[in-house]
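Visitor: I should like to learn how helix packing and pockets are read from a set of coordinates. Could the Guide take me through these features one at a time?

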Amino acid sequence: MKHSFIMKYLAGLFLVFTVGCKNDDGPGISVELQNEVNEFVWFGMNGYYYWVDEVEDLSVEKYPTYNSLYAFLNTYSQPEDLFDDLIHPDDFSASSGKPFSWIVDDYEELEASFQGISKSFGYELGLLRIASGSDDLVAYVKYVIPGGPAANAGIMRGDVFTEVNGTQLTEDNYLSLLFGNENITITLAQIQDNTISSTDQEISLIAVDIAENPILISDVLELDGVKIGYLVYNQFVNNNTYHEEMNDAFGEFKSAGINDLVLDLRYNGGGSVKTSVMLASIIYGAGGSNDIFTISQYNHQIEQSLTSNGVELNEYFISSLPDSNTPLNRLSLNRVFILTSGNTASASELIISGLDPYIDITLIGTTTVGKNLGSTTLYDSPNFRKTPDNSDVNHTNSTYAIQPIITRFTNIEDIDYRDGFEPNIEVSEINYLEDLPALGDPSEPLLAEALGVITGVARLERKPDSGMQEIETMQDKRTNTILIDNKEILSEIRDHFVYAGQ
């Protein structure tokens with residue numbers, strides 16, 4: 001089996017563009033490939049990866065023939081190990097040290113997660129290292145999903161626990177205890193004077209499939225004669241129903257005549273570029289169709305292909321719902337307050353970056369992740385699409401997919417937020433776990449700080465640092481991404497780089 005990447009370079013003309021190996025192995029390929037998924041991983045990264053020119057093992061100079069490439073690929077028995085070794089040093093979170101690109105062996109589960117669908121106990125957890133140098137962890141509930149198992153069991157925001165199925169949570173076992181079983185029993189604990197003790201109250205939970213609405217709270221708060229819109233938005237999901245609901249929420253804000261907006265992105269790990277553009281356009285109502293929201297950059301092969309075919313790389317503010325003529329309920333505010341944390345990433349940071357040149361932004365919370373990088377899903381098929389046009393030459397029916405970084409984003413002022421956005425006002429909810437108010441409560445720490453600035457009345461009693469540190473879990477990275485969903489760009493890229501079996 002021999003392969004090549006084909007690049008449609010000019011309208012109506014097709015040229016062979018050798019991104020992969022040359023077909024010069026003499027009478028045939030003598031090295032037998034032991035794992036075909038490895039081949040998919042290598043060719044996908046070779047064609048799309050943002051740092052392809054800087055990764056030695058993706059170089060056609062190093063592997064100029066199929067025999068040399070297959071010999072290299074055969075040194076890996078698992079495609080996950082190959083993928084990990086192809087990751088560029090810049091493709092890692094500065095805070096956690098974990099890669100932004102990843103590989104999965106079940107693309108359906110991946111797709112569901114991007115739509116906010118997962119098998120879940122119905123809560124979002126934070127995992128804290130109890131003390132410096134200790135491996136022991138305490139979990140706290142950031143929020144519960146209405147109607148989910150946790151909510152039905154009476155679990156509330158701020159609840160804490162250290163044991164699952166009678167075993168202490170540690171950095172070594174939390175994945176298996178929290179995410180490895182669909183039926184668990186947690187033992188609630190309490191925090192008093194920075195001391196954690198068990199309450200011996202046990203709660204059993206069974207995971208179910210949940211479609212989480214990204215809008216957790218949409219409310220109008222009225223304090224001291226000031227009307228404030230408050231929106232807790234937890235994932236940028238490219239879904240027409242959710243888009244309409246967001247637009248309706250802002251319609252209610254407009255009808256109420258809000259004076260200010262508090263956008264709570266502290267638990268939002270990212271998602272769709274399209275949805276990010278929509279939310280930014282609603283907030284900055286003066287943004288026109290010629291005003292740049294964000295600028296994207298690709299590897300030289302993709303960028304040359306896109307620009308030569310006249311494809312627009314920038315994203316601009318919009319005035320109607322994506323894929324619809326329904327007008328957006330755009331605000332006319334000159335400032336916005338955004339609540340952040342170490343979980344605020346990617347498309348959430350894109351909101352901050354893209355709005356910053358146009359509107360006054362006050363960040364309240366803790367430093368964001370620092371990811372101005374976008375990815376797309378590549379499927380193990382001849383043209384990397386989920387349903388390949390030429391599926392009859394697909395070399396494998398595997399369910400593998402990769403989610404490589406393919407682009408870097410900046411705003412019109414070329415701001416790079418690789419180290420994250422630092423807050424204007426630093427507040428960590430971790431220091432308030434002894435009695436953590438509900439989201440939307442005017443006394444909730446981050447919201448209270450925003451309300452204090454807006455009304456000029458201090459509403460937060462500062463607590464000392466608890467000394468506990470949140471860790472990033474392996475589950476976080478599936479949402480810590482900017483999903484490229486510009487159909488024109490994706491269509492051009494997929495048409496130009498085809499992994500075609502011969």
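**Helix packing and a pocket**

Guide: In this predicted model, helix α1 passes α2 in a right-handed crossing. The residues that make the contact are Asn38, Glu39, Trp42 and Phe43 on the α1 side, and Tyr66, Leu69, Tyr70, Phe72 and Leu73 on the α2 side.

Visitor: What is the chemical character of the residues in the contact of α1 with α2?

Guide: Seven of them are nonpolar, one is polar and one is charged.

Visitor: At what angle do α1 and α2 pack, and how far apart are their axes?

Guide: The general idea is to compare the directions of two fitted axes, each taken from N to C. Here α1, residues 36–48, and α2, residues 66–73, pack at about 115°, and their axes are 10 Å apart. Angles of 65 to 115 degrees count as roughly perpendicular, and α1 and α2 are therefore roughly perpendicular to each other.

Visitor: How is the packing of α8 with α10 to be read?

Guide: Helix α8 (residues 273–283) and helix α10 (residues 347–355) pack at an angle of about 40°, with 10 Å between their axes. That angle makes α8 oblique to α10. As for handedness, α8 passes α10 in a right-handed crossing. From α8, the contact is made by Ser276, Leu279, Ala280 and Ile283; from α10, by Ala347, Leu350, Ile351 and Leu355. This contact of α8 with α10 comprises seven nonpolar residues, one polar residue and no charged residues.

Visitor: Helix α8 also packs with α7. At what angle do the axes of these two helices cross?

Guide: The axes of α7 (residues 240–256) and α8 cross at roughly 10° and come within 11 Å. Angles under 35 degrees count as roughly parallel, and the crossing angle makes α7 roughly parallel to α8. His243, Met246, Asn247 and Phe250 of α7 meet Lys274, Thr275, Met278, Leu279 and Ile282 of α8 in this contact. Leu279 of α8 thus takes part in the contact with α7 and in the contact with α10. The residues of the α7 contact with α8 divide into five nonpolar, three polar and one charged.

Visitor: Let us turn to pockets. What is the volume of the second largest pocket, and which residues are closest to its centre?

Guide: A pocket is described by its volume and by the residues that line it. The second largest pocket has a volume of about 790 Å³. It is lined by 33 residues, of which Gly342, Thr366, Ile430, Gln469 and Glu470 are the closest to its centre.

Visitor: Which strand gives the most to this lining?

Guide: Strand β25 does, with three residues. Both β6 (137–144) and β25 (469–471) supply at least two residues each. By character, the lining holds nine nonpolar, 14 polar and 10 charged residues.

Key. Residues numbered from 1 in each chain as written. Predicted model: local features only at pLDDT ≥ 70, side-chain atom pairs only at ≥ 80, totals over all residues. Heavy atoms only, no water. 1 Å grid on protein atoms, 1.4 Å probe; cavity = no way out; pocket = protein on both sides within 12 Å on 5 of 7 lines; lining within 4 Å. Helix = DSSP H or I, 4+ residues; strand = E, 2+ residues; numbered from the N terminus. Nonpolar A, V, L, I, M, F, W, Y, C, P; charged D, E, K, R; others polar. Axes fitted to C-alpha atoms, helices over the stretch in contact; angles between N-to-C directions. Parallel < 35°, antiparallel > 145°, perpendicular 65-115°, else oblique. Left-handed = near helix turned anticlockwise from the far one by under 90°. Contact = heavy atoms within 4.5 Å.
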